[in-house]
Amino acid sequence: MRKETKCIHAGYKSGNGEPLALPIYQSTTYTYDSTEHIGKLFDLAAEGHMYSRISNPTVAFVEKKIAELDGGAGALCTTSGQAASFLALFNIMSSGDHFITSSAIYGGTVNLFAVTMRKLGIECSFVDPDSPEEEIERFFRPNTKAVFGETIANPAMSVLDIEKFARIAHKHGVPLVIDNTFPTAILCRPIEHGADIVVYSTTKYMDGHAVQIGGCIVDSGNFDWANGNFPEFTSPDSSYHGLVYTEAFGKTAYIAKARVQLVRDLGVYPSATAAFYLDLGLQTLHLRMERHSENALKVAEFLEQSDKVESVNYPSLKNNKYHSLAKKYLPDGCAGVVSFTVKGGREAAIKVMDALQLCKNVVHVATVHSCVLHPASETHRQLTDEQLIGAGISPGLIRLSVGIENTEDIIDDLRRGFSKI
Ligand SMILES: *Cc1c(COP(=O)(O)O)cnc(C)c1O
């Protein structure tokens, strides 16, 4: 199946006389005929759902669809994108370990990495993703366990050279984890460029209608966890009678471990209803990504011409710094988010934002509705000025998430905003 067909048909397949739409199995648990069978489930020696903190049939169908869209060996849904990013890394690290991340990443992820994970004894180094390979390699330590980056950074809109990052990670025997939230698998499949693990905030385009927070981790199945750097995968897990993940699960060792250890213990698995909403979004994802990209380019071209605008960041624009990377990694478009800096800095940005009517001032992005956000006073207010610059954000920067309305209406609204400055 091609990606458009997978959006509709991957995962759940209805049998004779069964519902066409994905059924919502809203149940906490599952019945079995024998104690012996349930015992086997506890030992991970039999397949089947046991308790909805670990797996659920509706969620499992959506996981299968997402894994197929990305070309992965398996996927695990979580209650949020934050949970997905945390689990993706915590699954391969413990206290005393270190990882390297691109500095051009989502503000919530910066905080997770620099504050919360540090409290757990896991340190990270932020690197400028555009630096040469040798410079990034200097950040490796003997205890470095992963490299992390975002395909299109939210909100900096820089494009990551995924193949460069994959080369660096693999040279040091560690996996590359990519947050692919903005492009989704429709516009970019990081596994095809060497990424080992892909994470999503499904809250954004995959849901696409601003109805449900969620996340997902996709496992490429390609990384060799038995290379000596990840003893947790090759030594017995006492909570499952000495099970060894690489032996029991082979290609899907990573995603199986994330589920049966971390999701089990931390309780971050979505409900069947949440997965049903996500699946509705996924069915139209290919159409929406195409339209979001088309609309965003038109709006970006308008902004580029406006005398109220200092700079526009949208990788599809010809004179954008990331245009050649975008052509390579995002040949079908760069999704709907455009960031731009208005003349007059922080105050002017706030004036424009407050005058907009169609574009909603909300803490959200990547939905069918056009919406705006001022990172310096909203999502990224916890960052220092230095961190703001590192993440590619100036005080006058507005992040505009272009929806799928008529672009003329969106542009009229921006004109209304600009008339106030
Ligand atoms: C929103 C976002 C997240 C966090 O996802 P939530 O679903 O809000 O927890 C992570 N990465 C990126 C790129 C995001 O845009």
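A residue is taken to be near a molecule if one of its heavy atoms lies within 4 Å of it. In this predicted model, local features require pLDDT of at least 70 and side-chain atom pairs count only at pLDDT 80 or more, whereas totals for chains, interfaces and linings use all residues. Residues are numbered from 1 along each chain as its sequence is written, and side-chain values use heavy atoms, with hydrogens and water left out.

The ligand is surrounded by 14 residues, of which Asn-154, Asp-179, Ser-201, Thr-203 and Lys-204 come nearest. This shell consists of three nonpolar, eight polar and three charged residues (Ala, Val, Leu, Ile, Met, Phe, Trp, Tyr, Cys and Pro count as nonpolar, Asp, Glu, Lys and Arg as charged, and the others, Gly among them, as polar).

Polar contacts to the ligand (pairs of N or O atoms within 3.5 Å) involve both backbone and side-chain atoms. A polar backbone atom of Gly-81 lies 2.9 Å from a ligand oxygen, and a backbone N or O atom of Gln-82 is likewise placed 2.9 Å from an oxygen atom of the ligand. From the side chain of Asn-154, an N or O atom is 2.8 Å from a ligand oxygen. Of the 380 Å² of accessible area that the ligand has on its own, 94% is covered by the protein (Shrake-Rupley method, 1.4 Å probe).

The protein chain is divided into domain 1 (3–281) and domain 2 (287–418), with bounds from an automatic or database domain assignment. Their centres, taken over C-alpha atoms, are separated by 28 Å. Across the two domains, 36 residues of domain 1 are in contact with 39 residues of domain 2 (heavy atoms within 4.5 Å).

Methods. Polar contact = N/O pair within 3.5 Å; in protein donor to acceptor, adjacent residues only side chain to side chain.
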